[in-house]
Amino acid sequence: MKSKPVQAKEATAPAKPAKRKVQAKRPKGENKAAKPSPKPKAAPPDVEVPELSFPVICLGASAGGLEALQSFFTTVEPRRNYAYVIVTHLEPSKPSHLPELITRHVALPVLQVRDKMPLEPKHVYVIPPQADILVAKGRFHFQERSRDSSPGPINVFLRSLAVAAKENAVAVIHSGLGSDGSNGAQTIKEQFGLVIAQEPSTARFPSMSNSVIASGLADLVLPPEKMPRHIREYLSKVRGKAASAEKPADQATLEALRKVLFLLRKHTGHDFSNYKTSTLLRRIKRRMGIHQLSEYPAYLRYLEEHQQELNTLFGELLIGVTNFFRDPEAWKFIAERILPELLDQKPDGYELRIWIPGVSTGEEAYSMAIIMQEYMESRHKNLHVQIFATDINLEAVESARLGVFPAHISDDVDPERLKRFFVQENSHFRVKREVREMVIFALQNLIKDPPFTRIDFICCRNLLIYLDTQLQRKVLPLLHFSLRPGGILFLGTSESVSEFADLFQTLDVKWKLYRRREAATNQPMLEFALRPQEITNQAAEPRVVTPSLIQLAEKCLLKHFAPTSVLVSPHGEIIYIHGRTGKYLEPSAGHARLNVLEMAREGLASKLPGLIRSCTSQRKRIAYEGLRVKTNGDFAEVNVVLEPLIHEHPLLEGLVLVSFHDQHSAVTKDKRAKARGRQTVHYVEELERDLANTRDNLQTMVEELETSNEELRSVNEEYQSTNEELQSANEELETSREEMQSLNEELATVNEELQEKVEGLTVLHEEMKLFLDSLDMPTIFLDKDLRIRRFTSQAKRVINIMDQDVGRPLNHLATELKQTKLVDDCALVNETRKPLQKEVQSQDGHWHLMRILPYKKKDSGMDGVVINFIDLEQLKGERDERILAAHDKMDKQGDKG
């Protein structure tokens with residue numbers, strides 16, 4: 001006999017028995033709702049339902065998740081205006097008993113999802129096993145599950161929930177195998193939702209929760225029974241302020257925001273003052289909700305006392321949510337249309353330069369490397385590809401450099417690419433060397449650091465949307481300057497070049513692809529690139545500043561007495577120029593660059609690199625006298641002074657001030673003859689100085705090389721030791737893999753046996769139920785704590801009992817039986833293990849023979865009691881009928897006699 005699948009329960013309240021006058025008693029602290037609340041009339045499938053304005057909590061679980069779900073719902077408050085959706089890994093070919101199992105632990109309607117069913121608060125929904133579920137426009141929608149790739153029902157639902165509910169979405173990842181849920185949690189975080197992972201020590205199978213925790217997506221890590229309270233506290237803090245984040249902030253809020261950003265800038269060195277205020281406030285209020293803080297002063301104190309929270313908030317504001325091939329159709333358009341147009345005419349060996357600012361953990365950079373490799377293979381071209389991937393988050397850049405990603409990337413990377421460009425290592429994937437070598441990861445602040453130049457393709461997606469308008473006006477000209485003529489700019493779907501249409505030609509409106517136009521001037525970019533701190537701190541409206549007398553005097557003194565100088569970086573990039581430098585510097589041929597090493601004139605060009613290197617490494621003032629610099633066809637003697645700016649303003653830290661002083665020798669006719677006589681001596685002295693400097697530089701370089709060689713030898717030894725350890729670990733892992741394979745086969749066999757036993761027990765259960773019903777005898781089974789385990793339907797005629805009373809203590813029911821104290825009688829039998837039998841009368845006057853028997857198990861002794869009721873009225877009637885029949889028979893025999 002096959003077990004019947006559990007049907008989705010209707011939300012309407014069950015009909016009450018006519019004579020149930022007394023409400024069941026309940027212990028203090030237990031939910032008072034004894035039955036599900038009535039379900040509002042459902043909207044027809046063709047009527048559009050408004051977008052979700054109430055919290056929706058998605059509970060993702062797999063193996064071992066039932067216990068966690070039951071613990072979770074034990075502490076859920078049914079009066080809250082929340083909706084709960086349970087998404088699990090279920091076998092499509094078998095019916096699900098999950099709704100029935102959850103109903104016992106929550107006083108809310110538990111419904112199995114149907115296609116086009118509306119999603120409503122104060123309900124618990126369970127997805128069916130045969131399909132993936134999406135939510136859109138307030139309704140559930142079925143999506144056929146793919147058989148080719150591993151299903152990810154939790155990821156599928158979370159992605160749609162993030163779009164539909166935004167900050168009202170809560171993702172809870174419980175016990176389970178694999179990594180389903182991690183990818184969807186990224187989307188929840190991106191839309192300002194909350195992500196909670198089960199404490200791994202409380203999970204039977206912690207793989208799913210560990211995956212979310214390891215990816216840094218979990219806001220809270222809690223045992224299941226504590227999750228509902230934290231969710232309530234978080235939503236009460238955040239939802240009350242969600243609407244205010246979209247309104248103009250008041251002065252007190254802006255002042256609090258300024259203090260938070262000051263603490264961040266002091267701790268991390270990065271300034272977020274030019275990010276959108278609404279985004280900053282939503283992220284800060286989200287962190288406040290997680291810590292149950294409702295006022296800004298309290299959160300400021302928390303930031304000052306907990307440095308780790310500053311790091312967490314820094315990561316939150318960067319919104320480092322990304323994945324492979326985001327918007328696959330856009331990448332397909334680039335591979336099929338943009339790359340051929342850009343590169344088909346390029347010769348083999350062409351140096352292709354690609355820049356990806358805000359790369360986060362590297363998925364976008366490796367996606368670009370993969371399509372470049374595919375392009376070169378399909379076109380049989382050999383290009384030298386350099387992908388510069390930059391970000392300001394050191395942890396994200398270091399993670400990207402490893403090139404190791406969790407197993408859930410298989411949701412975004414198709415199996416063919418996964419096999420071609422990745423190597424599977426246990427539960428992770430590592431990019432292959434040919435892809436990794438294309439990408440160069442580096443720390444860079446797009447706002448204040450010098451940009452890359454001569455770039456063919458810039459991928460800057462979903463970064464501009466977080467910057468305010470003033471900063472966007474600085475960044476877009478910067479990107480225009482970085483591109484080569486005809487270079488491509490790739491933005492996010494919510495971004496555009498807006499007012500800079502004169503700088504970029506639109507290639508595709510939908511996917512926001514643009515080609516660089518030739519501009520009349522690059523002045524906005526130059527101002528931003530060379531003076532970023534000054535530009536980004538400017539007010540929105542220009543001010544007219546009248547110089548004071550002291551400022552005018554200082555300017556005059558600098559003009560007439562300060563030497564010609566340039567402020568340069570350790571790599572020679574010119575930051576600031578004072579005076580006329582034409583005698584010492586000249587523009588280099590080719591692409592214009594402001595680098596003092598490339599612009600230095602003959603005589604100065606050979607000495608300046610070593611001087612800057614010595615000044616930077618030794619961190620002290622260096623002077624070089626009598627340097628012969630060729631100017632206008634003749635040589636002039638120049639004294640060069642280099643000063644490291646190490647004790648000045650923090651913004652000048654690491655820069656070098658290079659000053660040029662002319663040697664003013666007498667040129668009168670009387671002294672000219674003596675000068676000629678000493679010319680040879682001066683020349684010899686200069687050669688000796690050059691030789692001494694060359695020896696010093698050579699000695700320094702030799703020492704540096706020796707130090708480097710020693711370090712390399714040490715590193716090589718460490719690598720050899722590490723390699724041996726890895727080989728040993730690999731052998732151990734191989735042995736463990738074989739053991740695990742053997743154990744897996746044994747588990748599969750045990751699982752098949754258990755499955756057969758479960759099927760047998762299901763059939764036995766159905767047969768036992770039919771047998772008990774066929775006896776037509778009211779029977780109640782109690783456990784050793786006198787809680788109701790099960791009962792036959794005929795028992796409702798004797799005792800006021802309902803289906804949802806299963807699991808409740810017997811003393812919670814008003815039995816209304818006369819001539820007995822049912823609870824005391826059951827307790828006596830439970831204690832003495834002796835049967836008890838007595839006649840009792842029900843409220844309607846019927847007499848029953850009540851028999852209470854101890855219920856025993858073969859292995860563990862007594863396990864409760866069984867109560868039987870035999871209808872004496874019926875027995876008496878049957879006895880009277882037999883007596884009458886006997887008398888009639890005797891009378892007939894007498895008549896015959």
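Leaving aside neighbours within four places in sequence, which residues is asparagine 445 in contact with?

## Asparagine 445

His270 and Ile392 are the residues in contact with asparagine 445 once its neighbours within four places in sequence are set aside. You'll find asparagine 445 in the loop between β15 (439–443) and β16 (455–460). Loop or not, asparagine 445 is buried: its relative accessible area is 10%, and the cut-off for buried is under 20%.

## How far to trust the model

Keep in mind that this is a predicted model. The protein chain has a mean pLDDT of 78, with 83% of its residues at 70 or more. Residues 1–50 have pLDDT below 50, and in the model this stretch has 80 contacts beyond near neighbours in sequence.

Another stretch to watch is residues 520–546, where pLDDT stays under 50. Here the model has 30 contacts beyond four places in sequence. Where pLDDT is low, don't read the predicted coordinates in detail.

## Helix α1

Helix α1 covers residues 65–74, and its buried residues are Gly65, Ala68, Leu69, Phe72 and Phe73. Look down the axis of α1 and these buried residues fall within an arc of 125°, so they line one face of the helix. The general background is that an α-helix has 3.6 residues a turn, so residues three or four places apart point the same way.

## The β5–β6 hairpin

Strands β5 (residues 132–136) and β6 (residues 139–143) run antiparallel and are joined by five bridges. One of the pairings puts alanine 136 opposite its bridge partner in β6, arginine 139.

Two residues sit between β5 and β6 in this hairpin. In the turn, lysine 137 has a positive phi of about 55°.

Methods. Residues are numbered from 1 along each chain as its sequence is written. This is a predicted model: local features need pLDDT of at least 70, side-chain atom pairs count only at pLDDT 80 or more; totals for chains, interfaces and linings use all residues. Side-chain values use heavy atoms; hydrogens and water are left out. Buried means under 20% relative accessible area, exposed over 50%, partly exposed in between (1.4 Å probe, protein chains only). Helices (H or I, at least four residues) and strands (E, at least two) are DSSP runs, numbered from the N terminus. The arc is that of the directions from the helix axis to the C-beta atoms. pLDDT is the predictor's confidence in each residue, from 0 to 100. Contact means heavy atoms within 4.5 Å. Two strands pair if DSSP finds at least two bridges between them.
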